[in-house]
Amino acid sequence: FSLRNIKNIFNLIGSIFKTNRIVGKFKPDVVIGVGGYASGPTLYVAQRKGISTLIQEQNSFPGITNKFLAKRADKICVAYNGLERFFPKNKIVLTGNPVREDVWKTKVDLKSAYQHFGLDPAKKTILLFGGSLGAASMNKAVSETYQQLDSRSDVQMIWQMGKLYTDKYKDSAAARSENIFPMTFIDRMDLAYAVADVIICRAGALSISELALVKKPCILVPSPNVAEDHQTMNATALVNENAALLVKDKSLHDDMYKEALALINDAGKRRKLSKNITKFGLPDAAKLICQEIIKLAGPYA
């Protein structure tokens, strides 16, 4: 209970009035929400007006907004099995999450991919990224424990620092390591995925959907700074199917390189993770979601 929360209540009421005017003027046939507070007022108003609504839930653990709106939604497109715990079973359609086709459909020449990053094809490659902006704890762990990677002559790593952290780490000892290839941003993720033997990244819904389609063994590091800890739920869904490994954010300093290098050494484990993560890959997600939207829109769509 705080003054800020009281203010948020008034903001929400104001948003509903504004949304009511927008929806009334626009007169949509279908309203689509992907969760989060921003979609709440819009779908709420649409449902009160009798307009068809569709929810696209990206995570294995839905947020408050989608759980609140689910009872009156017409369809709920999900990316994980088992969400009937939260949503009406008869409304659920398993579609997956739409992902960039260029990262998994493009045929990659491996030789060119290694050359693109300046990598040695004879070495095993770790790919580490924390999103386009970067991840503070992951970058800190790379910087402070890079000697564990330096001790290996057969392993190299692509390190995407992110634009928020490049200035801080570009001149660090880790960035100067012969085994580490630092980058601000990876513009060719298809090439990065192709050369990676092990991937370390956050457990965001879209990242996991991409990993499932490129079929790579991964170590997921859930962000502790997201609503309702949904990234831990996403990662746990994969870990329970032996489709990924999990390292907690607070354990990065001690466990990140240890787990990554152990996985590099275990070809059988890598094959098993690659095989099992394919169960979560749904390549036609965008098409399936669009089909559901068109059905709701009616005969004039």
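Strands here are DSSP runs of E with at least two residues, helices are runs of H or I with at least four, and both are numbered from the N terminus. Two strands pair if DSSP finds at least two bridges between them.

This is a predicted model: local features need pLDDT of at least 70, side-chain atom pairs count only at pLDDT 80 or more, and totals for chains, interfaces and linings use all residues. Residues are numbered from 1 along each chain as its sequence is written, and side-chain values use heavy atoms, with hydrogens and water left out.

**The four-stranded sheet**

One open sheet has four strands in the order β1-β2-β3-β4, with parallel pairing. β1 (30-33) and β4 (92-94) stand at its edges with a single partner strand each, so one side of each has no neighbour in the sheet. Neighbouring strands are turned by 20° against each other on average, direction ignored. Axes are lines fitted to C-alpha atoms, for helices over the stretch in contact, and angles run from 0 to 180 degrees between N-to-C directions. Four bridges join β1 to β2 (residues 52-57). I32 stands opposite L54 in β2. Helix α13 (residues 285-297) lies across β1, β2, β3 (75-78) and β4. Its direction is about 165° to β2. Contact means heavy atoms within 4.5 Å.

**The six-stranded sheet**

Another open sheet has six strands, in the order β7-β6-β5-β8-β9-β10, again with parallel pairing. The edge strands are β7 (180-183) and β10 (245-246), each with a single partner strand. Strand β5 (residues 124-129) is joined to β8 (residues 198-201) by four bridges. F129 stands opposite C201 in β8.

**Cysteines**

A disulfide is a pair of cysteine sulfur atoms within 2.5 Å. The whole structure has zero disulfides. Two cysteines are listed below. Buried means under 20% relative accessible area, exposed over 50%, and partly exposed in between (1.4 Å probe, protein chains only).

| Cysteine | Nearest cysteine sulfur | Relative accessibility |
|---|---|---|
| C218 | C201, 5.9 Å | 0%, buried |
| C290 | C77, 9.5 Å | 43%, partly exposed |

**The largest pocket**

A pocket is found on a 1 Å grid over the protein atoms alone: an open set of points where a 1.4 Å probe fits, with protein on both sides within 12 Å along at least five of seven lines. Lining residues have an atom within 4 Å of a point. The largest pocket is lined by 27 residues. G35, G36, Y37, I64 and T65 lie nearest its centre. Helices α1 (3-26), α2 (40-48) and α3 (64-69) each give two or more residues to the lining. The largest share, five residues, comes from α1.
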